[in-house]
Amino acid sequence: MATLQDIGLAAAINILSAVAFLIAFAFLRLQPINDRVYFPKWYLKGVRSSPTSGGNIVGKFVNLDMKSYLKFLGWMPAALKMPEPELIDHAGLDSAVFLRIYLIGLKIFVPMAILAFAILVPVNWTNDYLDNSKLEHSDIDKLSISNIPPGSKRFWTHLVMAYVFTFWTFYVLYKEYNKVATMRLDFLASERRRPDQFTVLVRNIPPDPDESISELTEHFFLVNHPDHYLTHQVVYNANKLAKLVKDKKKNRNWLDYYMLKYERKPDEKPTCKTGFLGLCGTKVDAIDYYTKKIEELSKEELLERERVKKDSKSVVPAAFVSFRSRWGAAVCAQTQQTRNPTMWLTEWAPEPRDVYWNNLSIPFFYLTIRRLIVGVAFFFLTFFYIIPIAFVQTLANIEGIEKSAPFLKPIIEIGFIKSFIQGFLPGIALKIFLILLPMILMFMSKFEGHVCTSVLERKAAFKYYFFLVVNVFLGSVITGAAFQQLNTFIHESPDQISKTIGGAIPMKATFFITYTMVDGWAGVAGEILRLKPLIIFHLKNFFLVKTEKDREEAMDPGSIGFDSSEPQIQLYFLLGLVYAVVTPFLLPFIIVFFALAYVVYRHQIINVYNQEYESGAAYWPSVHVRIITALIISQLLLLGLLSTLGAAQSTPVLLALPVLTIWFHYFCKHRFESAFVKYPLQEAMMKDTLEKAREPNVELKGYLLNAYIHPVFKGGDDDDDDLLIVDEPYNDEVLVPTKRQSRRNTPVPSKHNGSSPPSLPDVSREL
């Protein structure tokens, strides 16, 4: 069990690590050679030029202005200066709202920490229960609820504070939900024209023997949305073509690399091996090898491109359908199209850069099967990951290590080594075990078949959060302090589970303190250093870069990474809410994390990250739900803990808290969530009316016609803002084309004669 000395050593190591990262960043960011690594967003916006373009040779690589080093921490106030409206214009609403999650943490936990240290800590500290008992404990435990004797009336203090903390969390969450919902609606109202505002994604289009998918789609929407349908783009299964294009680009990069190598040393012809990863196989001339490979891939690409365009089987039963107004798109996206709710399924189209094209080719029928497979796989992943979690907990238990390896006892008992093992090693070991997890969960989400990157990240974030709650939090509690009772826990009745877990919670506070320092302090400080992108950029810059465009492609600005970063934030909400009443000593460590992370990620969002998409903060309901979940878990575990400490009389009072929390969640859901899943028709009509008044002659068809073409079919960079202006407005009179042979297939007559479907003659005179 970690002592204050162990925590002190861990704090010293992590503080020194964080300070070292921050100082290294402050120095490296001032060097001209690193400018594109630490300020790539400004280069992508075209408002920053490379400082390496002028000056003497040394000045191109090293900053010789000594005065700039005196203000090496100036990036911190600079990161806080940009107002939120300007931040939204600069980085988007997704990024601005992401930063508000850290502010919520500060708003919730700073007042909690003040109250807890003013009220709860003295109540806990002024007891001598642990000193008089035979229980193994540390000085930190004396500050926790564990130091109060069973059955004591002092537990009512903790019960009252649980209510205070809960209602304060309600207040903060309500204000933030209201604020973010308003920000989203204002953002959508003020946002410039985008293709997704006029477009819906239609899936599960039924087959028709007389018409192709394209003809059927056009006919259906001309008949059922005659006044608003504009154009459509069918979806092609171009996954194989995309793979060929990707392989060709990769081989071209290798060819460029060897060409540059040959230019530098003309006397030495570069060679490579043709085997696995270039590590084995026949040695050949590298330039000839990759030249021939590119030629072969170009031929395959051309054949595949023609096949996709001509083969009707390449067309997927899905389409992007665009309308003449936002109002028309909103009506279509938010209504049922036919009496069969499984056909002609419509939803808002993601913006073009948010589309995950690979999954659009998955047949709709297979999606349920894929999600079932992922559900089973995720269950086993969560279940078996408890093994490394248990291993991590053995590192936090010196007695367990000494029993398993008695020959290590003389070394382990050395003061510094013992403090290092208990105070630092468990946190860093857990961090290492979690490195690959986000990639695994993202792969699972992609396999499920979601069609846009934003949804993929939200689904992966849900899985990651569930995993962190079950394995990192509950798993650490059970396999750590209550590991010896695990067999009993498995066989006991369900009503005893919360008591077993609750009794183990205070004993694991020290472990979570060390994890917070490793992941939340040193980890966040390491994020701003960007060591991996720094190394990769300079390697590319040295070996591959020939032109300014090459240099721009070598930059890796990255993005927030919502799928991994948001669940990690939520873990700290869970720890803070659980331990606010139980062991308040943890709260200052969490507050430091939220404060440091807010400054660091604000700097990254302003200067580095280039978000791949803009969802208008559509993820916010998920953030709210996870904080509510953490609040309910903290209440149930407190209920179990008090039951083990002889405070059963408080059970009826505590049972009201989860009920109130669930009621509060549904209240917020009904009050605010519609702003994140629907688009009000009033807002759509207002924006359409305003746009028509300002730009009456804009031809939307030219703007939307190619917006949702698969990227591999685009010849060059498309500018979504290029509009075709015409002298005459678009003609509203449209005939309904069809090849159908049956009146049943055309339930609504065409407008062109007012009575009969266009495929049938006017038979009214003959009857």
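This is a short tour of one structure, stop by stop, with residues to select in the viewer. The model is predicted.

**Stop 1: strand E1**

Select residues 199-203, which make up strand E1. The strand is mostly covered, with 5 of its 5 residues buried. Color its two sides separately. Thr199, Leu201 and Arg203 sit on one side, Val200 and Val202 on the other, and both faces are covered.

Now add the neighbors. Which way does strand E5 run against E1? The two are antiparallel, joined by 5 bridges. E5 spans residues 315-323. Pick Val200 and look across to Val321, its bridge partner in E5.

Next, show strand E6, residues 345-348. E6 also pairs with E1 in the antiparallel sense, over 4 bridges. Select Val202 here; Thr346 of E6 stands opposite.

Step on to Asn204. This residue lies in the loop between E1 and helix H10 (213-224). Check its backbone: phi is near 60°, a positive value in a residue other than glycine.

**Stop 2: before the strand**

Go back to Arg193. What does its side chain pair with? Arg193 forms a salt bridge with Glu695, and the closest N and O atoms are 2.9 Å apart. This pair links distant parts of the chain, with the two positions 502 residues apart in numbering. Arg193 is in the loop between helix H9 (155-190) and strand E1. Glu695 is in the loop between helix H32 (681-694) and strand E7 (698-699).

Compare how covered the partners are. Arg193 has a relative accessible area of 13%, so it counts as buried. Glu695 is partly exposed, at 36%.

Stay in this region and select Glu191, Arg194, Asp196, Glu351 and Arg353 together. Salt bridges link these five residues in a network. Across the whole structure, a search finds 20 salt bridges.

**Stop 3: helices H11 and H12**

Show Lys248 and Glu301 as sticks. They form a salt bridge, with the closest N and O atoms 3.4 Å apart. Here too the pair links distant parts of the chain: Lys248 belongs to helix H11 (residues 239-264), Glu301 to helix H12 (residues 286-310), and they are 53 residues apart. Are these partners buried or exposed? Both Lys248 and Glu301 are buried.

Follow H12 along to Glu304 and Arg307. Their side chains meet in a salt bridge, 2.7 Å from N to O. Both residues lie in H12, 3 residues apart, or about one turn of the helix. Glu304 is at 6% relative accessibility and therefore counts as buried. Arg307 is partly exposed, with a relative accessible area of 37%.

Now move to Lys293, also in H12. At 30% relative accessible area, Lys293 is partly exposed. Add Lys246, Lys250 and Lys446 to the selection. With Lys293, they gather in a patch of positive charge on the surface.

**Stop 4: helix H14**

Turn to helix H14, residues 364-384. Switch on the surface view. Select Leu372, Val376, Phe379, Phe380, Phe383, Phe384 and Ile387. These residues form a nonpolar patch on the surface. Together they have about 760 Å² of accessible area. Which element gives the largest share of the patch? That is H14, with 6 residues. Phe379 is one of the residues that lie in this helix.

Stay in H14 and pick Ile369. Ile369 is partly exposed, with a relative accessible area of 41%. Then draw a distance to Glu448. The C-alpha atoms of Ile369 and Glu448 are separated by 8.6 Å, although the two residues are 79 residues apart along the chain.

**Stop 5: between H24 and H25**

End at Arg530. Where is this residue placed? It is in the loop between helix H24 (509-529) and helix H25 (531-543). Look at its backbone angle. Phi of Arg530 is near 55°, a positive value in a residue other than glycine. Then check its cover: Arg530 is buried, with a relative accessible area of 8%.

Definitions and conventions. Residues are numbered from 1 along each chain as its sequence is written. This is a predicted model: local features need pLDDT of at least 70, side-chain atom pairs count only at pLDDT 80 or more; totals for chains, interfaces and linings use all residues. Side-chain values use heavy atoms; hydrogens and water are left out. A salt bridge is a side-chain nitrogen of Lys or Arg within 4 Å of a carboxyl oxygen of Asp or Glu. Buried means under 20% relative accessible area, exposed over 50%, partly exposed in between (1.4 Å probe, protein chains only). Patches are made of residues with over 30% relative accessible area and no salt bridge: like charges are joined within 9 Å, nonpolar side chains (Val, Leu, Ile, Met, Phe, Trp, Tyr) within 5 Å. Accessible areas come from the Shrake-Rupley method with a 1.4 Å probe; for residues, only the protein chains shown count as cover. Lys and Arg count as positive and Asp and Glu as negative; His and the chain ends are not counted. The place of a charge is taken as NZ of Lys, CZ of Arg, CG of Asp or CD of Glu. Two strands pair if DSSP finds at least two bridges between them.
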